[in-house]
There are 2 protein chains.
Amino acid sequence: MTGFTIKDVAREAKVSVGSVSRVLNGLAVSEAMKKKVDAAVAKLGYQPNSLARSMRTRSTGAVGFLVTDISNPLYGATINAVDARLRANGLMLLLASSGNRLQTELDVLAEFKRRRVDGLLMAPGSDANGPMLETLERFGAPIALMSGDFPRRFASVTTDYRSGVKSATRYLLDLGHRRIALLTPLAHLWPGRERIAGFRAAFREAGLPEQNALVRPQNLGLDTADDVADLLDVAQPPTALVLLGTRILAGALRTLRERRLRIPADLSIISIGDTEWTAVHEPPITALRWSADDVADALVGLLLAQINGVAAGAAPGRVTVPTELVLRGSCAAPRDPGA
Amino acid sequence: MTGFTIKDVAREAKVSVGSVSRVLNGLAVSEAMKKKVDAAVAKLGYQPNSLARSMRTRSTGAVGFLVTDISNPLYGATINAVDARLRANGLMLLLASSGNRLQTELDVLAEFKRRRVDGLLMAPGSDANGPMLETLERFGAPIALMSGDFPRRFASVTTDYRSGVKSATRYLLDLGHRRIALLTPLAHLWPGRERIAGFRAAFREAGLPEQNALVRPQNLGLDTADDVADLLDVAQPPTALVLLGTRILAGALRTLRERRLRIPADLSIISIGDTEWTAVHEPPITALRWSADDVADALVGLLLAQINGVAAGAAPGRVTVPTELVLRGSCAAPRDPGA
DNA sequence: TTGAAAGCGCTAACAA
DNA sequence: TTGTTAGCGCTTTCAA
C-alpha cells in the first residue's frame, strides 16, 4: 500500500540492500549490479523513503521559508523565485505565513526545527528582538533573513527602502512640493522605519522643516481611504502622497477618485512597490521598484553558502538590493508651488 | 550541535525513553513523571525529531501543494488560506510551483511521494491526462485536485467558470453587444475550455451566431497588448472584451489607453477574476469573482475527510465554487447597437 | 565490488 | 504506571 522498501528491491534483484543503496546513490558498482537494481526499481515503481534517508544522513533537503503574507503581490514574486532556485539545488520549500503574529512565528520556527530543515529563510513580521533573536540563535541550522536590521551574526538581505524613499521624496521636493505625506503600514517594524527615515532625510537634506513631512502610519485594521480623507480635510493639505503597498495605494486612489481630485494636477502620487497595475492606471503611477529575483537570488545564495560550508569562518553575508524610481505620469509640480 | 535526543532527556530526567515518549505524546503518566520530564525538556530545549517520529507512525504531518504559479494574485489568496487551514489542523505545507511544465509537475510529485506526504493538493498546470493521471493513481496518499475535469475517483473542487462566463457574456449581450471577444490564457486546459464553453453557450442560448463569439487564446509568450491591437484593426471590431487574468487585463487596458479608446463608451470590458485593482481603475471594472477562502476550505476539507478516514467508502467529494458578477462601471450599451 | 550488520531517534508492544 | 526492546527504511562501516 504505502509502497515498497529497499528490502523489496533487494529481494527482487537478488542482491543485498547495501548494493541497492549504492546504486541509488550513484556509488561504485558493477555494470551488472546497476542493471539488475535499476530493473527491479523500475518494475516495482520504487521511490526511496526520504525520511529514512534523512535520518541517517542528517539532512532533510528541506528549507523552511517563513513569510508574513503569501498573498501580498509584492512577496509573491519573491516566493516563486525562491522556490525555483531552491528546487534547482535539490531542495524543497516548506512555506508558512505568519500573518505578522509573533506567536505564529515562534510556533512555525519550532515546527521547522522539529522537521530538521537544512536551512531557514525568514522575513520577520514582528520586530526581531529578544525572544525571536534567541530562538534564531538556537535554531541550529543555517539562516538567511530578509527585510530587517539584524545583528551582524545573521546573513541577511535587505531592500534599500531608505535611499529609495529618500530619492522619491527628493523628486517630489524638486518638483516644488513642500507638504508631502507618507503612508506606510507597520511603521514600528524595520521596513516602515527605514522608509520613514529616508522620507525625513530628504526633507532634512533639502533644508526643509521636518514638520512638513507628514508621516501617517497605517494600521492593518485601519481603512486607508478614510485616513486619506482626514489628511485632505485640513487647511493646508499635502500636495503629494507617498504610498506603500497594494492595499494602501488602492485605498488612497479610491478616495481621490471619490473626491474628483485629479492626478497629478491636484495631487501627486508615488507608489512604493511596483506591480503590473501601476503602469495601467490612468495616469500611470510613478513607482519605486526593486527586483524580486535579486532578493531571491541573494537570499538563497546566502543560505546555500552556509549549507555548503563555503562561507565557513567568514562573516555572514549582507546584501542590499537597490531600488529604482520609475518615472511615469502621476507626479507634477504643485498647483501653488512653495505654498 | 544538532540538538538533543529523547535519550538525553531520559538521562536528564532519570527515567526511561519510553516514559519520555509517553509524556511527549500526552499518554497516561503520573504527575511526578510528567513534572520530571517537562523539566528536563525545558532545561535542554529539546525538540523531538519529527523524522524519527514519522518513521514509526508512518505519518509526516506534511501536505504537498503543487500550483502553477505562486505569484499569480488570483492564486495567492488561496495558498494563504490553505496554509492557515492546514496549520490549524496540525499539518505543514510543502509548496511547489510548476510553471505549467509537465516534467516539473512529475518531478515534484515524485519528490512529494519520497517525502511521504500525508496528502496532496494540486492544481494541474498541464492537462491531467494519461501519464499524470497514472502518477496520481499510484500516489499512495489522499488527493484533492482543483481546477480541472477529473475522473470521479478523485476528490476535486472547481470554480464554476462556465456559468460565470456565460452570465457575464449574457450581460453584455443584453446590453446590446453582438461582437464580443474572449481573451484567455492556456485555452487548451480545463479552465480555459470551461470559459470558452460558457462564452459560446451564451451566444447559442441567445440564438446568435457563434462566429460573433471571438475566442482569442493567449499564449504565455504572446503580448496581449499586441493581440488586442490586431483585434481592433478590422472593419467590424468587437464592442466588448472579456479578459482573463491580471496580465491579460493589464495588457489590454494598456492598448486601449494608447488608442485613446474610452471605457465603456467605446468598448466594454469584463474581467474574469477580481483583484484589489479592478475597483480602483477608472472606470471601475466589472468583474467575475469567486471566493479564494471557499476554494481553500473545500480543498482542505476534502483532503482531511480522506486523511481522517471520515469519507471511507463514500465516493470522493466534488465541490463547485460559484462565481458572482460584480457590476461596476466598465460596461455600457454599444455605440451602434445591433451592428 | 559485494554482503552483513549496526544504528539514526523515535513509538509501541510486551513485561514487570 | 513504568522500563525494556524491537523495528520503521535507510546509509555506512567493516569484512570478505
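Biologist: In which sense, and over how many bridges, do strand E6 (residues 180-185) of chain A and E7(A) pair?

Modeller: Let me begin with the general idea. Strands of a sheet pair through backbone hydrogen bonds, either parallel or antiparallel. Helices (H or I, at least four residues) and strands (E, at least two) are DSSP runs, numbered from the N terminus, and two strands pair if DSSP finds at least two bridges between them. Here, E6(A) and E7(A) pair in the parallel sense over 6 bridges. You can find A:Ala181 opposite A:Leu214 in E7(A).

Biologist: And what should I know about the model before going on?

Modeller: This is a predicted model, in which local features need pLDDT of at least 70 and side-chain atom pairs count only at pLDDT 80 or more, while totals for chains, interfaces and linings use all residues. Residues are numbered from 1 along each chain as its sequence is written, chains are lettered from A and ligands numbered from 1 in the order in which they are written, and side-chain values use heavy atoms, leaving out hydrogens and water.

Biologist: What is the strand order of the open sheet of chain A?

Modeller: The order of its 6 strands is E7-E6-E8-E9-E10-E12, with mixed pairing. Strand E7 (213-218) and strand E12 (324-326) of chain A are at the edges; each has a single partner strand, so one side of each has no neighbour in the sheet. From one strand to the next, the twist averages 20°. To read such angles, remember that axes are lines fitted to C-alpha atoms, for helices over the stretch in contact, and that angles run from 0 to 180 degrees between N-to-C directions. Helix H10 (residues 224-232) of chain A packs on this sheet, touching E6, E7 and strand E8 (240-244) of chain A, and its direction makes about 155° with that of E7(A). Touching, or contact, means heavy atoms within 4.5 Å.

Biologist: In chain B, how many residues of helix H10 are buried?

Modeller: Buried means under 20% relative accessible area, exposed over 50%, and partly exposed in between (1.4 Å probe, protein chains only). In H10(B), 7 of the 9 residues are buried, including B:Val228, B:Leu231 and B:Leu232. These buried residues pack against strand E6 (180-185), strand E7 (213-218), strand E8 (240-244) and helix H11 (246-258) of chain B.

Biologist: Which residues lie on each side of strand E3 of chain B?

Modeller: In a regular strand the side chains alternate between the two faces of the sheet. For E3(B) (residues 119-122), B:Gly119 and B:Leu121 are on one side, B:Leu120 and B:Met122 are on the other, and all are buried. Strand E1 (residues 62-67) of chain B runs parallel to E3(B), joined by 4 bridges, with B:Gly64 opposite B:Leu120. E3(B) also pairs in the parallel sense with strand E4 (residues 143-146) of chain B, over 3 bridges; there B:Leu121 has B:Ala144 as its bridge partner.

Biologist: How do I read the packing of two helices, such as H1 and H2 of chain A?

Modeller: Look at the angle. Under 35 degrees counts as roughly parallel, over 145 as roughly antiparallel, 65 to 115 as roughly perpendicular and the rest as oblique. Helix H1 (residues 6-13) and helix H2 (residues 17-24) of chain A pack at about 105°, with axes 8 Å apart, which means H1(A) is roughly perpendicular to H2(A). Among the residues that meet are A:Ile6 and A:Val9 in H1(A), and A:Val17 and A:Leu24 in H2(A). The residues of this contact divide into 6 nonpolar, 1 polar and 1 charged (Ala, Val, Leu, Ile, Met, Phe, Trp, Tyr, Cys and Pro count as nonpolar, Asp, Glu, Lys and Arg as charged, and the others, Gly among them, as polar).

Biologist: At what angle do helices H6 and H7 of chain A pack?

Modeller: Helix H6 (residues 102-114) and helix H7 (residues 130-137) of chain A pack at about 10°, with axes 11 Å apart, so H6(A) is roughly parallel to H7(A). A:Leu106 of H6(A) and A:Leu136 of H7(A) are among the residues making the contact.

Biologist: Where should I look for unusual backbone geometry?

Modeller: Most residues other than glycine have a negative phi, and most peptide bonds are trans. The bond from A:Glu282 to A:Pro283 is cis, with omega near -5°. A:Pro283 lies in the loop between strand E9 (268-272) and strand E10 (286-289) of chain A. A cis peptide bond also joins B:Glu282 and B:Pro283, with omega about -5°. For phi, B:Leu186 has a positive value of about 45°, and with 23% relative accessibility this B:Leu186 counts as partly exposed. B:Arg260 has a positive phi of about 55° and, at 71%, counts as exposed.
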